[in-house]
Amino acid sequence: MVDVRGVYKSYGSLDVLRGVDLRVEAGEVTVVIGPSGSGKSTLLRSINHLEKIDRGYVTIDGEFVGYRRSGDRLYELKERDILRQRTHIGFVFQNFHLFPHLTVRQNVTEAPLSAQGRPRDQVEALATELLEQVGLSGKAGAYPRQLSGGQQQRVAIARALALRPKVVLFDEPTSALDPELVGEVLEVMKALARGGTTMIVVTHEIGFAREVADTVAFMDAGRIVEQGPPPQVLDRPRHDRTRAFLSKVL
């Protein structure tokens, strides 16, 4: 479903991604861990072309993201075509990014209506279903300021799912939450994983990675140093850098 090949990204003289390869099959959950500044969030933003990569490519379901191929070269798509691609890639941000002037229901329905042009009755029915799925059916008419951080993040998850995406990207979805609110968001994510949603999750929640991930990828200094099933990477890491990191967070 997701294929990241040889991706490089720099900001001036700072090399943030240094030849990243990552493959995620349909229905799988890949959890990306690593120290701050290792390139995890930049990798996610490169997957949906929020960051323009310098070298390499990303495909989702066989389609190049942000580019089209002509012969042996890739050419960047026009903005409208990039936006169309993003409607198939759900993104849950660390700080929610809800529209403060819209209700919970309106936040969930806005993109399917305006970006995908789907019929309102279908979108409204889907919003009802998704809000029930994330445990917020009673908050449809509330505004983001009236919700807790955990509730706002669950709305953000429902909003991402409303696009019926091929993959959902989570960028440290619990790091902005009070500790007592983390569990309610992780439970929603666990249910999505059980339901077969293709997910790439950047997180510091090692317990979540151990329980839910099909693959754990450890990043350091812009590279994926080690990846494999959770028991291998978390319990029997092969790389010294992985062992050093886990010794500080477990």
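In the predicted model, strand 6 (residues 67-70) and strand 7 (residues 73-76) form an antiparallel pair with 4 bridges. Arg68 stands opposite Tyr75 of strand 7. The hairpin made by strand 6 and strand 7 has 2 residues between the strands, and Gly71 adopts a positive phi near 65 degrees there.

A further hairpin is formed by strand 4 and strand 5. Strand 5 (residues 63-64) pairs with strand 4 in the antiparallel sense over 2 bridges, and Ile60 stands opposite Glu63 of strand 5. This hairpin likewise has 2 residues between the strands, with Asp61 at a positive phi near 55 degrees. Strand 4 (residues 55-60) also pairs with strand 1 (residues 2-11); the arrangement is antiparallel and comprises 5 bridges. Within this pairing, Val58 in strand 4 is the bridge partner of Val4.

Ile60 and Glu63, which stand opposite each other in the hairpin, both contribute to the lining of the largest cavity, together with Phe64, Val65, Gln85, His88, Ile89 and Lys166. By residue class, this lining divides into 4 nonpolar, 2 polar and 2 charged residues. The cavity holds about 70 Å³ of space, and a search of the whole structure returns 1 cavity of 30 Å³ or more.

The largest pocket has a volume of about 510 Å³. Its lining consists of 19 residues, of which Arg86, Phe93, Ala111, Arg159 and Leu163 are the closest to the pocket centre. Two or more lining residues come from each of helix 2 (79-86), strand 8 (89-92), helix 3 (104-114) and helix 5 (149-162). Helix 3 makes the greatest contribution to the lining, with 4 residues. In terms of class, 10 of the lining residues are nonpolar, 6 are polar and 3 are charged.

The largest nonpolar core contains 48 residues, and those with the most contacts inside it are Val31, Ile33, Val108, Ile157, Phe170, Met189 and Met199. Helix 6 supplies the largest share of this core, 8 residues. Another core, of 26 residues, lies apart from it and includes Leu43, Val58, Val202 and Met219. Val58 of this other core is the residue that bridges to Val4 in the pairing of strand 1 and strand 4. When residues up to four places away in sequence are not counted, Phe170 touches Leu44, Val92, Ile157, Met189, Leu192, Met199, Ile200, Val201 and Val202. Among these contacts, Ile157, Met189 and Met199 are listed with Phe170 as residues with the most contacts inside the largest core, whereas Val202 belongs to the other core.

Glu172 is located in the loop that connects strand 9 (167-171) and helix 6 (179-194). Its relative accessibility is 14%, and therefore Glu172 counts as buried, the cut-off being under 20%. Beyond residues up to four places away in sequence, Glu172 touches Lys40, Ser41, Gln94, Val202 and His204. Val202 is thus named in the contacts of Glu172 and in those of Phe170. Glu172 and Glu205 are 33 residues apart along the chain, and their C-alpha atoms are separated by 8.8 Å.

Key
Residues are numbered from 1 along each chain as its sequence is written. This is a predicted model: local features need pLDDT of at least 70, side-chain atom pairs count only at pLDDT 80 or more; totals for chains, interfaces and linings use all residues. Side-chain values use heavy atoms; hydrogens and water are left out. Buried means under 20% relative accessible area, exposed over 50%, partly exposed in between (1.4 Å probe, protein chains only). Contact means heavy atoms within 4.5 Å. Two strands pair if DSSP finds at least two bridges between them. On a 1 Å grid over the protein atoms alone, a cavity is a set of points where a 1.4 Å probe fits but cannot get out, and a pocket is an open set with protein on both sides within 12 Å along at least five of seven lines; lining residues have an atom within 4 Å of a point. Grid points are joined across faces, edges and corners, and a volume is the space filled by probe spheres set on the points. Ala, Val, Leu, Ile, Met, Phe, Trp, Tyr, Cys and Pro count as nonpolar, Asp, Glu, Lys and Arg as charged, and the others, Gly among them, as polar. A nonpolar core is a set of buried Ala, Val, Leu, Ile, Met, Phe, Trp, Tyr and Cys residues joined through side-chain atoms within 4.5 Å.
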